[in-house]
Amino acid sequence: MEMTIEEHKERKARSYKLLLLFAMISMFMMFAGLTSAFVVSKSRVDWLKDFQLPTAFYYSTAVIIGCSVTFHLAKKAIQKDNRSATTSFLLITLALGILFVILQFVGFRQIVENGYFFTGSESSITTTFLYIVTIVHMAHLFGGLISLLIIIYNHFKQKYNSGQTLGIELGAMYWHFLDFLWVYLFLFLYFFK
């Protein structure tokens, strides 16, 4: 029996979502390994016991949560064929994503200004771990920004509508994952310093 076009589209969407889910699980496992190493390293004598997260990381946490909200709103808008709202929410998500990256670098600067370094003879294992965890997260975020730019490009080419939302749905799934991952890392770093 031959599949209809609609059944084929649904099967393709499920396949892409499953692939993305597997990728996100493997990424999360990598971060679980990094945070496990962080916990084990806390017992070292050179671990900084009084280290405080930079204030920019608090702001960046709020910003990335905002990214999830605006991407969700973009998905809801395209499902209603509201192209102008979709455009606005996608562009706001892009701006917030860029602001998140800027705030991460502001946070790194605040750490250095407080006399803590990430590499070299004046570095500590605490700040090096923090640097590695946040840089690896930002690498995944750059992947999210690239996919978001592709989604925005496809949106302007009018490839999405209420019947074809797969690209925006996949992008939203990944951004929600990035949001969850950063909140997990932030809370981990806050409570297990």
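Trainee: What does the chain average in pLDDT?

Mentor: This is a predicted model, so let's start with confidence. Of the residues, 98% score at least 70. The chain's average pLDDT is 91.

Trainee: And in which helix is confidence highest, and in which is it lowest?

Mentor: At the low end sits α1, with a mean of 89. At the high end, with a mean of 97, is helix α2, residues 55–79.

Trainee: How many helices does the chain have, and what pattern do they follow?

Mentor: There are zero strands here, and the helices come to five. The C-alpha atoms fill a box of roughly 65 × 35 × 25 Å along the principal axes. Read along the sequence, the pattern is α-α-α-α-α.

Trainee: Let's stay with α2. How far does α2 reach from its first C-alpha to its last?

Mentor: With 25 residues at 1.5 Å a residue, you'd expect 36 Å. The helix is followed by Asp81, whose phi is positive, near 60°. The reach of α2 is close to the expected value, at 37 Å.

Trainee: Now the charged side chains. Which residue forms a salt bridge with Lys17?

Mentor: Side chains of opposite charge can pair when their charged atoms come close. For Lys17 the closest N and O atoms are 2.6 Å apart. The pair links distant parts of the chain, helix α1 and helix α5, 152 residues apart. The partner of Lys17 is Glu169.

Trainee: Is Glu169 buried or exposed?

Mentor: Lys17, its partner, is partly exposed at 27% relative accessibility. The cut-off for buried is under 20%. Glu169 has 18%, so it counts as buried.

Trainee: Where do Arg109 and Glu113 lie?

Mentor: These two form a salt bridge as well, with the closest N and O atoms 3.2 Å apart. Arg109 is partly exposed at 47%, while Glu113 counts as exposed at 57%. They're four residues apart, about one turn, and both lie in helix α3.

Trainee: On to the rings. How many aromatic pairs does the count come to?

Mentor: A pair of aromatic rings is described by the distance of the centres and the angle of the planes. Rings pair if their centres lie within 6.5 Å. By that rule the count is 19.

Trainee: How far apart in sequence are the parts that Phe28 and Tyr184 tie together?

Mentor: Their rings are 5.4 Å centre to centre with 55° between the planes, a tilted pair. Phe28 is in helix α1 and Tyr184 is in helix α5, so the pair ties together parts of the chain that are apart in sequence by 156 residues.

Trainee: What kind of pair do Phe186 and Tyr190 make?

Mentor: Both lie in helix α5, four residues apart. Phe186 is buried at 8% relative accessible area, whereas Tyr190 is partly exposed at 31%. Their centres are 6.3 Å apart and their planes are at 20°, so the pair is stacked.

Trainee: Which residues form one aromatic cluster with Trp182?

Mentor: Six names go with Trp182 in one cluster, so here's the list. They are Phe57, Phe100, Phe105, Phe108, Phe118 and Tyr131.

Trainee: Last one: which helix gives the most to the nonpolar patch?

Mentor: The patch covers about 560 Å² and is made by Val39, Tyr58, Leu187, Tyr190, Phe191 and Phe192. Tyr58 lies in helix α2 and is partly exposed at 36%. The helix that gives the most, with three residues, is α5.

Definitions and conventions: Residues are numbered from 1 along each chain as its sequence is written. This is a predicted model: local features need pLDDT of at least 70, side-chain atom pairs count only at pLDDT 80 or more; totals for chains, interfaces and linings use all residues. Side-chain values use heavy atoms; hydrogens and water are left out. Rings of Phe, Tyr and Trp (its six-membered ring) pair if their centres lie within 6.5 Å; planes under 30 degrees apart count as stacked, over 60 as edge-to-face and the rest as tilted. Helices (H or I, at least four residues) and strands (E, at least two) are DSSP runs, numbered from the N terminus. Buried means under 20% relative accessible area, exposed over 50%, partly exposed in between (1.4 Å probe, protein chains only). pLDDT is the predictor's confidence in each residue, from 0 to 100. Patches are made of residues with over 30% relative accessible area and no salt bridge: like charges are joined within 9 Å, nonpolar side chains (Val, Leu, Ile, Met, Phe, Trp, Tyr) within 5 Å. Accessible areas come from the Shrake-Rupley method with a 1.4 Å probe; for residues, only the protein chains shown count as cover. A salt bridge is a side-chain nitrogen of Lys or Arg within 4 Å of a carboxyl oxygen of Asp or Glu. The expected span of a helix is 1.5 Å times one less than its number of residues.
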